[in-house]
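Me: I have a structure open here and want to go through it with you. Can we start with the side chains?

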Amino acid sequence: MKTRRSRANKPRTLPSHWTPEQALAVFEAVEYLRDSLWARYGPHIQQAWREQLMTADDSLEFEPGEPF
């Protein structure tokens, strides 16, 4: 299953009625989830992210004897 990175960039609507304590609790839960996902799937996440960022046009085209 491949997701598009652009989905993550869409703005989300958050509840405006949360107390600071509720917002902190959600923030901490998301941080814990993020850390847990990274610990378990870090290398796979990196590879998937790399594949999403690279396109066919991103291939390096250079001649070894030519200057930058």
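Reply: Yes. This is a predicted model. In it, the charged end of arginine 40 sits over the ring of tyrosine 41, 4.8 Å from the ring centre.

Me: And how many aromatic pairs turn up?

Reply: A search of the whole structure gives 0 aromatic pairs.

Me: Back to tyrosine 41. What happens to H2 there?

Reply: H2 has a kink of about 90° at tyrosine 41, shortly before proline 43.

Me: What does H2 span from end to end?

Reply: Helix H2 covers residues 20-53, and its end C-alpha atoms are only 35 Å apart. A straight helix of 34 residues would span 50 Å, at 1.5 Å a residue.

Me: How many helices and strands does the protein have?

Reply: There are 2 helices and 0 strands.

Me: New topic, salt bridges. How many are there, by the usual rule?

Reply: The count is 1 salt bridge. Arginine 34 and aspartate 35 form a salt bridge through their side chains, at 3.7 Å from N to O.

Me: Are those two buried or exposed?

Reply: Arginine 34 counts as exposed because its relative accessibility is 57%, and the cut-off is over 50%. Aspartate 35, with a relative accessible area of 42%, is partly exposed.

Me: What share of the protein is buried?

Reply: Buried residues are 1% of the 68 residues.

Me: And the surface, how much of that belongs to carbon and sulfur?

Reply: The accessible surface is about 7,100 Å², and carbon and sulfur atoms account for 59% of it.

How values were computed. Residues numbered from 1 in each chain as written. Predicted model: local features only at pLDDT ≥ 70, side-chain atom pairs only at ≥ 80, totals over all residues. Heavy atoms only, no water. Phe/Tyr/Trp six-rings, centres within 6.5 Å; stacked < 30°, edge-to-face > 60°. Lys NZ or Arg CZ within 6 Å of the ring centre and 35° of its normal. Helix = DSSP H or I, 4+ residues; strand = E, 2+ residues; numbered from the N terminus. Buried < 20%, exposed > 50% of the residue type's maximum accessible area, 1.4 Å probe, protein only. Areas by Shrake-Rupley, 256 points an atom, 1.4 Å probe, with all protein chains shown as cover. Expected span 1.5 Å × (residues − 1). Bend = angle between axes of the 7 residues up to and from the residue. Salt bridge = Lys/Arg side-chain N within 4 Å of Asp/Glu carboxyl O.
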